[in-house]
Amino acid sequence: MQPRNMSMSGVVDLAAVKAAQEAKSKAEQARAEAARQGGGGAVSPADLVIDVDEAGFELDVLQRSTEVPVVIDFWAEWCEPCKQLSPVLERLAVEYNGRFVLAKVDVDANQMLMQQFGIQGIPAVFAVVAGQALPLFQGAAGEVQIRQTLDQLVQVAEQRFGLTGLVVDADAEPGARQAAAAQEIPAGPYDALLEAAVQALDAGDLGGAVQAYKNVLSDDPGNTEAKLGLVQAELLQRVQGIDPQQVRRDAAEKPKDAGAQIAAADLDLVGGHVEDAFGRLIETVGRTAGDDRDAVRLRLLELFELVGADDPRVAAARRALARALF
């Protein structure tokens with residue numbers, strides 16, 4: 001399966017947002033089930049470092065990444081730097097105590113995976129979070145750098161994707177996690193509606209997705225997955241079928257027009273220009289007053305939620321918004 005690119009500091013990826021919603025839901029279900037079983041499904045330290053091949057990649061990496069970050073170490077027996085790096089990664093996997101799983105891939109035996117990840121040289125280290133791949137580093141790296149990278153990975157996995165890692169029990173039998181994972185987790189009360197919303201998004205039925213998320217929120221106003229999904233679906237619905245050139249002309253000609261600037265900011269965000277979208281609306285807050293200013297502020301807060309509170313661009317924009325308001 002071709003990995004998808006994901007950058008912790010890149011543009012907003014609406015596909016990644018949907019994956020994040022699904023990952024959070026699965027993580028919450030898994031934690032609830034583990035709590036119900038009194039901590040069942042714990043892994044042994046030996047389960048934190050696994051050998052992965054092409055046949056097992058879907059299950060051992062992609063599916064596993066919906067509950068814990070998977071760090072992939074691409075190595076080969078003849079690679080001397082690999083022999084220095086791999087033991088460090090293995091030791092840290094145990095030390096981080098379930099915050100990530102290390103998957104070791106022998107590139108000589110798994111050429112297709114090497115090609116799919118676009119690897120030009122080894123050692124190469126990637127991570128997969130909620131089914132999305134991102135490069136961490138290539139070549140030999142110092143332990144300080146590796147720890148910093150892993151700390152950032154764990155933080156993003158927790159804050160954006162709701163992944164808190166695995167429970168590690170030194171007395172657990174290796175492979176016990178696979179047996180526990182085979183048990184079916186009961187569906188939540190809104191799973192069918194949320195799945196309908198995701199299917200509507202995939203089919204391009206934005207109105208259907210909006211309504212499905214609203215149906216969930218009408219019964220459960222605090223449902224975070226539905227709230228984030230609704231923001232995403234409404235954004236896509238707003239930009240569907242508009243004339244981008246006309247929207248940008250209107251924004252350029254009417255710098256104080258709240259509606260024109262909001263429409264242009266929507267286009268900026270969908271196009272991946274996150275800082276442009278934030279900057280445009282913050283400047284508009286400074287130019288407007290009353291209801292117009294409030295409408296701009298509220299749209300900006302929606303975009304903050306969509307990009308994610310952990311994103312440094314959101315933190316910087318929040319500070320700029322405070323200065324514009326006060």
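**Exercise 1.** How many of the 6 residues of strand E3 are buried?

*Solution.* The structure above is a predicted model, and the steps below read from it. Begin with the strand itself, which covers residues 101–106. Of its 6 residues, 5 are buried, and E3 is therefore described as mostly covered, given that buried means under 20% relative accessible area. Then turn to the partners of E3: strand E2 (70–75) pairs with E3 in the parallel sense over 6 bridges, and within this pairing tryptophan 75 has aspartate 106 of E3 as its bridge partner. Between these two strands the chain passes through helix H3 (residues 80–95), making a β-α-β crossover that is right-handed. E1 also pairs with E3 in the parallel sense, over 3 bridges, and here isoleucine 50 stands opposite alanine 103.

**Exercise 2.** Find the order of the strands in the sheet, and explain why one side of E1 and one side of E5 are left without a neighbour.

*Solution.* First write down the order, which is E1-E3-E2-E4-E5, an open sheet of 5 strands with mixed pairing. Next look at the edges, where strand E1 (49–51) and strand E5 (132–138) stand; each has a single partner strand, so one side of each lacks a neighbour in the sheet. Neighbouring strands are turned against each other by 25° on average, when direction is ignored. Finally add helix H5 (residues 143–161), which lies across E2, E4 and E5 and runs at about 165° to E5.

**Exercise 3.** Is isoleucine 122 buried or exposed, and which residues does isoleucine 122 touch?

*Solution.* Locate the residue first: isoleucine 122 belongs to the loop between helix H4 (111–116) and strand E4 (124–129). Its relative accessible area is 18%, which lies under the 20% cut-off, so isoleucine 122 counts as buried. Leaving aside residues up to four places away in sequence, its contacts are Phe74, Trp75, Ala76, Trp78, Cys79, Cys82 and Val107. One of these, alanine 76, is 46 residues away in sequence, yet the two C-alpha atoms are 7.8 Å apart in space.

**Exercise 4.** Which cysteine is joined to cysteine 79 by a disulfide?

*Solution.* Start from the sulfur atoms: those of cysteine 79 and cysteine 82 are 2.4 Å apart, which falls within the 2.5 Å cut-off, so a disulfide joins the two residues. The count for the model comes to 1 disulfide. The angle about the S-S bond is 80°, and the link is right-handed. As a last step, consider the surroundings, where both cysteines are buried and both are among the residues that isoleucine 122 touches.

How values were computed. Residues are numbered from 1 along each chain as its sequence is written. This is a predicted model: local features need pLDDT of at least 70, side-chain atom pairs count only at pLDDT 80 or more; totals for chains, interfaces and linings use all residues. Side-chain values use heavy atoms; hydrogens and water are left out. Helices (H or I, at least four residues) and strands (E, at least two) are DSSP runs, numbered from the N terminus. Buried means under 20% relative accessible area, exposed over 50%, partly exposed in between (1.4 Å probe, protein chains only). Contact means heavy atoms within 4.5 Å. Two strands pair if DSSP finds at least two bridges between them. Axes are lines fitted to C-alpha atoms, for helices over the stretch in contact, and angles run from 0 to 180 degrees between N-to-C directions. A crossover is right-handed if, with the strands pointing away from the viewer, the path from the first strand over the helix to the second runs clockwise.
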